[in-house]
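Biologist: Can you walk me through this model? I'd like to start with pockets, then look at backbone oddities and one strand.

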Amino acid sequence: MKRILLFQNPGTLSLRSGQIVFEHREMEPVWVPVEDIELVMVESQQVSFTEPLLVHLADNNVPLVCCDASHCPSSISYPLKGHCNQGEIVRKQLSADRSVKEALWKEIVKCKIRSQKAFLEEQDLPLGNMDTYLRLLDETESIDSVVSFEGAAARYYFDNLFGKYFRRGRYGKSPNDFLNYGYVVLRSVVVRELISAGLFLGDGLYHSNRSNEFPLADDVIEPYRVFVDRIVHELFLEGETELGSATRQRLLKVLTSECRVKGFCHALSDAVGMTARSVRGILTGEASIKDLVYPDSR
């Protein structure tokens, strides 16, 4: 299992002999091989980096997440290079028929609702109309209906997890801040794996906000959000309301989650990579919708 590095104290990050080195005047240097790292999260506003380290992290596909003064992720660094056949892949992706993209988005929404339903079952919470939404998705060909069923399922899901007065939003009350933090961490891995698969992230299936540079990542991430929801629900039941250091460290552990794909256990990042490659196959015409890969619903 690869490591997630969290830096909360002032210091310097540099590269030596293929290892990331953190130096602080009041402690011994910390050395970690870059090849063993899943993600680097920097929370302190007083950490400096060397240019060779940034390049080496990019060459090894390690996302670097920097936080603002309130400890919320504000930037993520990724490599510019992706798959060796990226140009050909992107050309095929952009020429994919609109019907293929809509069918893929519908299948992703179905996977998302199945994962939400499974988590509600896991928590012995009522399922309401979740099965009905899945049946209606199978029957509809309208993308507007797909979006409507997704929204209805999400409202029911969050009402049951966090109470009927909870409203999901980027700037809403806790536990929205927990969810937002966890989703950003998760998104960093989704973006990395889509880039590695050679896909162009600016061409989304459904998400298309002009201010969003990675709409495809926000499509693909949807069924994976439940891994963050699981941790946030635990914090909610424990009465946690502050996004403090200990809470953030627990949310970072979403990247160490394990999941089952086609009956076999995989690390979360490996599963995301499998999803990215299956999406590439569908968008380039090398695979069909039935070949889409996501973690099994429990």
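Modeller: Below we go through those topics in turn, bearing in mind that this is a predicted model.

Biologist: How much space lies in the largest pocket?

Modeller: About 1500 Å³.

Biologist: Which residues are closest to its centre?

Modeller: Arg168, Arg170, Asn180, Tyr183 and Arg225. They belong to a lining of 45 residues.

Biologist: Which elements give two or more residues to that lining?

Modeller: One strand and four helices: β8 (73-77), then α3 (98-122), α5 (143-162), α6 (176-196) and α8 (225-237).

Biologist: And which one gives the most?

Modeller: α5 does, with eight residues.

Biologist: What's the mix of the lining by class?

Modeller: Charged residues number 14 and polar ones 12. The other 19 are nonpolar.

Biologist: Switching to the backbone. Where is the peptide bond that is cis?

Modeller: It runs from Ser174 to Pro175, with omega near 15°. Pro175 sits in the loop between α5 and α6. Both of those helices also give residues to the lining of the largest pocket.

Biologist: What about phi? Which residue other than glycine has a positive value near 50°?

Modeller: Ser17. You'll find Ser17 in the loop between β2 (11-16) and β3 (19-24).

Biologist: Is Ser17 buried or exposed?

Modeller: Exposed, because its relative accessibility is 73% and the cut-off for exposed is over 50%.

Biologist: Next, Asn61. What is its phi?

Modeller: About 60°, so positive, although Asn61 is not a glycine. Asn61 belongs to the loop between α1 (51-59) and β7 (64-67).

Biologist: How accessible is Asn61?

Modeller: Asn61 has a relative accessible area of 23%. That makes Asn61 partly exposed, because buried would need a value under 20%.

Biologist: Last topic, strand β5. How many of its residues are buried?

Modeller: Six of the six, across residues 37-42. So β5 is largely enclosed by the rest of the structure.

Biologist: How does β5 run against β1?

Modeller: Parallel, with five bridges joining β5 to β1 (residues 3-7). Within that pairing, Leu6 stands opposite Met41 of β5.

Biologist: And how many bridges join β5 to β7?

Modeller: Three, and these two strands run parallel. One of the contacts pairs Val42 with Cys66 in β7. β7 is also the strand that follows the Asn61 loop.

Biologist: Great, that covers my list.

Terms used. Residues are numbered from 1 along each chain as its sequence is written. This is a predicted model: local features need pLDDT of at least 70, side-chain atom pairs count only at pLDDT 80 or more; totals for chains, interfaces and linings use all residues. Side-chain values use heavy atoms; hydrogens and water are left out. On a 1 Å grid over the protein atoms alone, a cavity is a set of points where a 1.4 Å probe fits but cannot get out, and a pocket is an open set with protein on both sides within 12 Å along at least five of seven lines; lining residues have an atom within 4 Å of a point. Grid points are joined across faces, edges and corners, and a volume is the space filled by probe spheres set on the points. Ala, Val, Leu, Ile, Met, Phe, Trp, Tyr, Cys and Pro count as nonpolar, Asp, Glu, Lys and Arg as charged, and the others, Gly among them, as polar. Buried means under 20% relative accessible area, exposed over 50%, partly exposed in between (1.4 Å probe, protein chains only). Two strands pair if DSSP finds at least two bridges between them.
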